[in-house]
Amino acid sequence: MIVYRPLKAIAALTFDLDDTLYDNGPVIRRTEQESLKFLRAYHPLLAEVESAHFQQLRAELRRQEPEIYHDVTQWRWRALHLGLSRLGLSEAEASAGADEAMSHFAHWRSQIEVPQETHDTLKALGERWPLVAVTNGNADPALFGLGDAFQFVLRAGPHGRAKPYEDLYHRASQQLDLPLGSILHVGDDLTTDVAGAVRCGMQACWINLRQANLMTHPEARLLPHIEISRLASLTALL
């Protein structure tokens, strides 16, 4: 553990999910592959569709509605609905198709293998402090064995703008009924997790899983309070 700023007394911890508590890369790749297979089988006109087509639709929606990215689930649904509508499906058919595709997506999105170290670390920390998940994504901890680890889960979209905006951090503070400065946020992203947390007055822990150098990292904006290279290092705070 590397300490960059003095730590104040900790009363609770918040955690990013993807790439902080598990490796999200393989999950996303498999989910995208399975989602594409589903769409190709769903309608004859989609038999040869490529994922790039829906990426283009997402980009189009983002240009039209810049704030849509705050809710990645709704953004994906809207892109699916738009694509199906442009194939000539009715409003009801496009909505039903987008719903089915998202249900399929949600299943694969939650096929996550959480390392035993993560389970053990969260269990140990949770015996002393309340733990909260704060995510920009749409993974559901209850579906991959982490539902009992957190007092509650905050998601960008339903609960506020995406990190690094302060919405989710402030909501965590309010729901915990604790001052921001007493909460330690743990995440892998130097922008959304570290800079976002520090700017709103929280303490921040950067989990550096790729042996990057903070002093030369292109996304380093604000110093975290501490840096760790594996989640289990947090037990040193107990």
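Let me begin just after helix H3, where Gly 88 follows the helix with a positive phi, near 105°; helices here are DSSP runs of H or I with at least four residues, strands are runs of E with at least two, and both are numbered from the N terminus. I should say at once that this is a predicted model, in which local features need pLDDT of at least 70 and side-chain atom pairs count only at pLDDT 80 or more, while totals for chains, interfaces and linings use all residues. Residues are numbered from 1 along each chain as its sequence is written, and side-chain values use heavy atoms, with hydrogens and water left out.

Helix H3 itself covers residues 72-86, and its 15 residues reach 21 Å from the first C-alpha to the last, close to the 21 Å expected, where the expected span is 1.5 Å times one less than the number of residues. Among its buried residues are Trp 75, Trp 77, Leu 80 and Leu 84, and by buried I mean under 20% relative accessible area, with exposed over 50% and partly exposed in between, using a 1.4 Å probe and protein chains only. The buried residues of H3 pack against helix H1 (25-42), helix H2 (51-64) and helix H4 (91-109).

Staying with helix H1, we find Glu 34 there, and this residue is buried, with a relative accessible area of 18%. Leaving aside neighbours within four places in sequence, Glu 34 is in contact with His 104 and Trp 108, contact meaning heavy atoms within 4.5 Å.

Now to the nonpolar cores, each a set of buried Ala, Val, Leu, Ile, Met, Phe, Trp, Tyr and Cys residues joined through side-chain atoms within 4.5 Å. The largest has 27 residues, and those touching the most other members are Leu 13, Phe 15, Leu 21, Phe 150 and Leu 234. Elements giving two or more residues to this core include strand S2 (12-15), helix H5 (116-126) and strand S6 (203-207). Apart from this core lies another, of 22 residues, among them Ala 12, Leu 168, Tyr 169 and Ala 172.

Finally, why does a search of the whole structure find zero disulfides, a disulfide being a pair of cysteine sulfur atoms within 2.5 Å? For Cys 200, the closest cysteine sulfur is that of Cys 205, which at 15 Å is too far for a bond. Both residues are buried, Cys 200 with a relative accessible area of 9% and Cys 205 at 1%.

Terms used: Disulfide = S-S within 2.5 Å.
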